[in-house]
Amino acid sequence: MERWQQQLEALEQAQMRRALRCVDGPQSAEVTLEGAQVLLLCSNNYLGLADHPALIEAACDATRRYGVGSGASRLVSGSMTLHHRFEERIAAFKGTESALLFNSGFAANSGILPALLEEGDVIFSDGLNHASIIDGCRLGAARTVVYPHNDVAALEALMEEEAKKRRGRWLIVSDGVFSMDGDVAPLAELVRLKERFEALLMVDDAHGTGVLGATGRGSAELCGCLDQVDLHMGTLGKGLGGAGAYLAAPQVVIDTLINRCRPFIFSTSLPPAVAAAAIAALDIVASDEGARLRAQLQENRARFVAPLQAAGLDLAGSVTQIVPILTGEPKPTMQAAARLLTDGIFLSGIRPPTVAPGRCRLRATVMATHDPKRLEWAAQLIVAALQGEGA
Ligand SMILES: *Cc1c(COP(=O)(O)O)cnc(C)c1O
């Protein structure tokens, strides 16, 4: 116990200790945070679906008809009608032969990579990929080659080098939208490389699904290469407002995962209500309302970003609803976040190990349900907190 206490104190000293904060009520634009009314600027509920009446109704209806729990893992008795129905829907949405539902994005990535790739295979992984991809690489027997973030030329050089001693299968894996930088992977270029080197391409579209592309099919649609991505991974807990994750892929990949992917095999499947909510979310994404929500999200992002850019703040190349504002070291980052909270703005200060040392940031996430005027107000206060008195 003493050792843990000392470690926590060391984190505290370095302004690196993390703690939980309790949000009262749903993930709306304005929430109550430990008694105070604040603007919510750090939720991934981008389209406002987490508390959308249609999802709530679908989840309640499914609960009344199918019960709360799924009772077992998918391979035992827990493979229920709504799980299958969701998988058909997401496969059609992404244009793949088949799909598989996972309990979370973390479970998906940490299970898919070790299940699909073996000794002698190579995974080429972007340097800023999500922690769950990093763990997936670590857990498997394939070798991992990390390439510098979004650097296609560097990746190509690494692949040329590796090609000389190639034995097994190759997989390029990248976030579609990078969760801490809000930039988009150069997917069309990654497609070119995967074709040149006969590799597979896996895209983790946790932040793009439902949100990016003309019809919300995600970052690959935005980049014009939806049909060329081999393995479409995405999550249901962000833009789609629920929980869980999916892989949309060829049937042989899905069948392999059903037989080999440990987090899929050894975990109780999601409650039927969660699958029902995900289906309702896909209905909205495909509707006129979905198109309106995506347009509003873009509009809100523009309104929020304009004052930050005018003040010359470094937004780390963000082109999406994820807007990092670089601050450098932990101390000024956490001070700015604390000051903004007293002003009524709830966003997160991001420190190592989530980002590299010296790359601390305030990370704001814009939602379609925000009031644009409140976003402009928040942006002005962020500028003041970083550049004004006492900064
Ligand atoms: C959030 C996230 C995950 C994890 O998904 P969960 O469903 O929250 O476990 C995986 N990959 C990326 C890029 C993410 O942003």
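This report walks through the ligand site, the strands and some local features of a predicted model.

## Around the ligand

Let us start at the ligand, which is surrounded by 14 residues. The closest are Gly-105, Phe-106, Asp-204, His-207 and Lys-238. By class, the shell divides into 9 polar residues, 3 charged ones and 2 nonpolar ones. Helix α4, spanning residues 105-116, gives the most to this shell, with 3 residues.

Several polar atoms are worth a look in the viewer. A polar side-chain atom of Asp-204 lies 2.5 Å from a nitrogen atom of the ligand. Phe-106 takes part through its backbone: an N or O atom there is 2.9 Å from an oxygen atom of the ligand. In the side chain of His-130, an N or O atom lies 3.5 Å from a nitrogen atom of the ligand. Taken alone, the ligand exposes 380 Å², and the protein buries 82% of that.

## Strand β7 and its partners

Strand β7 covers residues 170-175, and 6 of its 6 residues are buried. Which way do the side chains of β7 point? Trp-170, Ile-172 and Ser-174 point one way, while Leu-171, Val-173 and Asp-175 point the other way, and all are buried.

Two pairings involve this strand. Strand β5 (residues 122-126) pairs with β7 in the parallel sense over 4 bridges, and Phe-124 stands opposite Ile-172 in β7. Strand β8 (residues 200-204) also runs parallel to β7, joined to it by 5 bridges. Here Ile-172 stands opposite Leu-201 in β8. Ile-172 is therefore a handy landmark, since it faces Phe-124 as well as Leu-201, and it is buried under the cut-off of 20% relative accessible area.

## A sheet of four strands

Elsewhere there is an open sheet of 4 strands, in the order β1-β2-β3-β12 and with mixed pairing. The edges are taken by β1 (23-24) and β12 (345-346); each has a single partner strand, so one side of each is left without a neighbour in the sheet.

Within this sheet, β2 (residues 30-33) and β3 (residues 36-40) run antiparallel and are joined by 4 bridges. To find your place in that pair, look for Val-31, which stands opposite Val-38 in β3.

## Backbone features in loops

A few backbone angles deserve a friendly pointer. Pro-352 and Pro-353 are joined by a cis peptide bond, with omega at about 5°. Pro-353 belongs to the loop between β13 (348-350) and β14 (360-365).

Asn-150 and Ala-316 each have a positive phi without being glycine: the angle is near 55° for Asn-150 and about 55° for Ala-316. Asn-150 sits in the loop between β6 (143-147) and α6 (152-163), whereas Ala-316 is in the loop between α12 (288-310) and β11 (322-328). Are these residues buried, exposed or partly exposed? Asn-150 counts as partly exposed because its relative accessibility is 22%, and Ala-316 is buried, with a relative accessible area of 13%.

## Leu-326 and His-370

Leu-326 lies in strand β11 and counts as buried because its relative accessibility is 16%. What separates Leu-326 from Asp-314 in space? Their C-alpha atoms are separated by 5.6 Å, with the two residues 12 apart along the chain.

His-370 is found in the loop between β14 and α14 (372-387). At 3% relative accessibility, this histidine counts as buried. Its side chain reaches the backbone nitrogen of Met-367 at 2.9 Å.

## Cysteines

How many disulfides does the structure hold? The count is 0. Cys-22 is in no disulfide, and the nearest cysteine sulfur, that of Cys-42, is 13 Å away. Cys-42 is likewise in no disulfide, with the sulfur of Cys-22 as its nearest cysteine sulfur at 13 Å. A disulfide requires sulfur atoms within 2.5 Å, so this pair does not qualify. Cys-22 counts as exposed because its relative accessible area is 52%.

Methods
Residues numbered from 1 in each chain as written. Predicted model: local features only at pLDDT ≥ 70, side-chain atom pairs only at ≥ 80, totals over all residues. Heavy atoms only, no water. Near = heavy atom within 4 Å. Polar contact = N/O pair within 3.5 Å; in protein donor to acceptor, adjacent residues only side chain to side chain. Areas by Shrake-Rupley, 256 points an atom, 1.4 Å probe, with all protein chains shown as cover. Helix = DSSP H or I, 4+ residues; strand = E, 2+ residues; numbered from the N terminus. Nonpolar A, V, L, I, M, F, W, Y, C, P; charged D, E, K, R; others polar. Buried < 20%, exposed > 50% of the residue type's maximum accessible area, 1.4 Å probe, protein only. Pairing = 2+ DSSP bridges.
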